[in-house]
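Reader: I'd like to learn how to read pockets, helix packing and ring pairs in a model. Can you walk me through them?

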Amino acid sequence: MGSLKIIAAFILGLTAALFLPFSHTIPAEQLSLAALYLLLFLVGAGIGSKKETMSMVRRIRPTLLLLPLAIATGSILFPGMVAALFLPLTFQEGAAIGAGLGYYSLSSILISQMAGETLGLIALLSNIIREIVALTATPLLVRYCGRFSGIAAGGATAMDTTLPVIVRFTGKEYALVALFSGVILTFLTPVLVTSILSCGA
């Protein structure tokens, strides 16, 4: 039901952009940014309203680093193997695309500059699809694969665009874990993309 609502909201937004006059006067990027800030405000208010928030922060251990590191490793190795085995791409190219970790705006620019516009476009589409999957499939992932699966699907976007969905379906107690993972992966994205593409150059 949650995924259907998200898809319905997406279709409603698409329809509004096509037929309502405001879409031609206000850039879509500004509307999206405003909506994102509002969602983050509501998430922050929800977290702050919980008395046990500070105790939850104190429970975060260094071992929590294993989560973003595991997400990054899987995000690099799986696309690399798929690209090498089934697509006309090398393992290095597939790994670089996966290293985008959902941060499509930055990773696509980096890859375009280092490996060409075609691979940059593939990276852009791949990471946008990853975000859409995280937004729409998190309810099913959490139900059948565990609560960390939503955070893993979101990748770097777990700190912003997919955070409301993750919190909605995994629970507020996982909000700080998702934020922490998203921040670490956001930091790692440019490092990993440039390192992978620089190998053997």
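**Reading a pocket, a helix pair and a ring pair**

Author: Let's start with a pocket; keep in mind that this is a predicted model. The second largest pocket holds about 410 Å³ of space.

Reader: How is such empty space found, and which residues line the second largest pocket?

Author: Rolling a probe the size of a water molecule over the atoms shows where empty space is left. Here, 17 residues line the second largest pocket, and S75, F78, P79, G98 and R130 lie nearest its centre.

Reader: Which helix gives the most to that lining?

Author: That's α5, with seven residues. At least two lining residues come from each of α5 (66-86), α6 (91-98) and α8 (117-145). By class, the lining has ten nonpolar, six polar and one charged residues.

Reader: Now helix packing. At what angle do α6 and α11 pack?

Author: The angle between α6 and helix α11 (residues 175-198) is about 170 degrees, and their axes are 9 Å apart. Angles over 145 degrees count as roughly antiparallel, so α6 is roughly antiparallel to α11. Q92, A95 and A96 of α6 meet V193, I196, L197 and S198 of α11. Those contact residues split into five nonpolar, two polar and no charged.

Reader: And how many aromatic pairs are there in the whole structure?

Author: The search finds one. The ring centres of F148 and Y174 are 5.8 Å apart and the planes sit at 80 degrees, so the pair is edge-to-face.

Reader: What does the pair tie together?

Author: Parts that are 26 residues apart in sequence, because F148 lies in helix α9 (residues 148-154) and Y174 in the loop between α10 (163-170) and α11.

Definitions and conventions: Residues are numbered from 1 along each chain as its sequence is written. This is a predicted model: local features need pLDDT of at least 70, side-chain atom pairs count only at pLDDT 80 or more; totals for chains, interfaces and linings use all residues. Side-chain values use heavy atoms; hydrogens and water are left out. On a 1 Å grid over the protein atoms alone, a cavity is a set of points where a 1.4 Å probe fits but cannot get out, and a pocket is an open set with protein on both sides within 12 Å along at least five of seven lines; lining residues have an atom within 4 Å of a point. Grid points are joined across faces, edges and corners, and a volume is the space filled by probe spheres set on the points. Helices (H or I, at least four residues) and strands (E, at least two) are DSSP runs, numbered from the N terminus. Ala, Val, Leu, Ile, Met, Phe, Trp, Tyr, Cys and Pro count as nonpolar, Asp, Glu, Lys and Arg as charged, and the others, Gly among them, as polar. Axes are lines fitted to C-alpha atoms, for helices over the stretch in contact, and angles run from 0 to 180 degrees between N-to-C directions. Angles under 35 degrees count as roughly parallel, over 145 as roughly antiparallel, 65 to 115 as roughly perpendicular and the rest as oblique. Contact means heavy atoms within 4.5 Å. Rings of Phe, Tyr and Trp (its six-membered ring) pair if their centres lie within 6.5 Å; planes under 30 degrees apart count as stacked, over 60 as edge-to-face and the rest as tilted.
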